[in-house]
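Please open the model in your viewer and keep the sequence panel beside it. The tour below moves from one selection to the next and says what is to be found at each stop.

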Amino acid sequence: MAGHEYMMTRTTEATRHPAAFAAAFDSGDVAAVEAMYEDDALLVPEPGNAVSGADRAAATERFLALGLPIQVRPRHVYTAGDIALLIVDWTIEGTGPDGVPVHIDGTATDVARRGADGTWRYVIDNPFGVA
């Protein structure tokens with residue numbers, strides 16, 4: 001899923017990974033978002049429900065269907081070698097496609113890994129990590 005067309009979206013700096021993810025998310029392209037994850041990475045779209053593979057892509061698609069941008073505010077990024085722990089406050093806010101106001105926010109607790117190509121990808125993306 002991590003095709004070359006999205007290589008420029010990923011970053012070689014762990015501290016920039018949340019912003020790179022936001023750019024992929026804001027593109028509205030599921031493939032761009034999927035390129036931000038390792039192939040077997042987990043997404044926790046709701047507390048207690050971790051998904052991967054096609055289920056992760058489907059969960060991502062539901063968030064993208066809101067048609068709204070995501071704002072990310074990294075709080076902490078701790079890196080040990082090729083592993084990073086990212087604590088990131090985020091918000092999705094605006095008027096949804098059905099005309100109803102949307103406000104979703106959380107504090108993510110995420111784990112990312114630097115790949116052989118030097119870029120970072122999520123291993124665990126837990127957007128509601130402190131819920």
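Begin by selecting L43, which is buried, with a relative accessible area of 3%, where buried means under 20% relative accessible area, exposed over 50% and partly exposed in between (1.4 Å probe, protein chains only). This is a predicted model, in which local features need pLDDT of at least 70 and side-chain atom pairs count only at pLDDT 80 or more, while totals for chains, interfaces and linings use all residues. Residues are numbered from 1 along each chain as its sequence is written, and side-chain values use heavy atoms, with hydrogens and water left out.

L43 lies in strand β1; helices (H or I, at least four residues) and strands (E, at least two) are DSSP runs, numbered from the N terminus. Leaving aside neighbours within four places in sequence, L43 is in contact (heavy atoms within 4.5 Å) with Y37, N49, A50, V51, R56, A59, T60, D125 and P127. Add D125 to the selection: L43 and D125 are 82 residues apart in sequence, yet their C-alpha atoms are 4.7 Å apart in space.

Move now to L42, also found in strand β1. Is L42 buried or partly exposed? At 33% relative accessibility, L42 counts as partly exposed. In a regular strand the side chains alternate between the two faces of the sheet. Not counting residues up to four places away in sequence, L42 touches A50, V51, S52, V123, I124 and D125. For a contrast in distance, select T15, which is 27 residues from L42 along the chain and 20 Å from it, C-alpha to C-alpha.

Next, colour the strands, taking two of them as paired if DSSP finds at least two bridges between them. Strand β1 (residues 37-46) is joined to β6 by 3 bridges and runs parallel to it, and the bridge partner of L43 in β6 is D125. With strand β2 (residues 49-51), β1 shares 2 bridges in an antiparallel arrangement, where E46 has N49 as its bridge partner. The hairpin of β1 and β2 has 2 residues between the strands, and G48 there takes a positive phi near 85°.

Select strand β6 (residues 120-125), of whose 6 residues 5 are buried. On its antiparallel side, 4 bridges join β6 to strand β5 (residues 101-114); here R113 stands opposite R121, and A112 stands opposite Y122. The hairpin of β5 and β6 has 5 residues between the strands, with G118 taking a positive phi near 90°.

Follow β5 to its pairing with β4, where 13 bridges join the two strands in an antiparallel arrangement and T95 stands opposite P101. β4 and β5 form a hairpin with 5 residues between them, and G99 in the turn has a positive phi of about 85°.

Helix α1 is the next stop: 7 of its 10 residues are buried, namely H17, P18, A20, F21, A22, A24 and F25. G28, which follows α1, has a positive phi near 75°.

Which residues of the largest nonpolar core touch the most other members? Of its 31 residues, they are F21, F25, V33, Y37, I70, W90 and I92; such a core is a set of buried Ala, Val, Leu, Ile, Met, Phe, Trp, Tyr and Cys residues joined through side-chain atoms within 4.5 Å. At least two residues of this core come from each of α1, α2 (30-34), β1, α3, β4, β5 and β6. Select W90 and show its contacts, which, apart from neighbours within four places in sequence, are I70, Q71, V72, R73, I104, D105, G106, T107, A108, P127 and F128.

Finish at the cavity, a set of points on a 1 Å grid over the protein atoms alone where a 1.4 Å probe fits but cannot get out, its lining residues having an atom within 4 Å of a point. The structure holds 1 cavity of 30 Å³ or more, and about 220 Å³ of space lies in the largest cavity, a volume being the space filled by probe spheres set on the points, with grid points joined across faces, edges and corners. Of the 18 residues that line the largest cavity, F21, I70, W90, D125 and P127 are the closest to its centre.

Methods
On a 1 Å grid over the protein atoms alone, a cavity is a set of points where a 1.4 Å probe fits but cannot get out, and a pocket is an open set with protein on both sides within 12 Å along at least five of seven lines; lining residues have an atom within 4 Å of a point.
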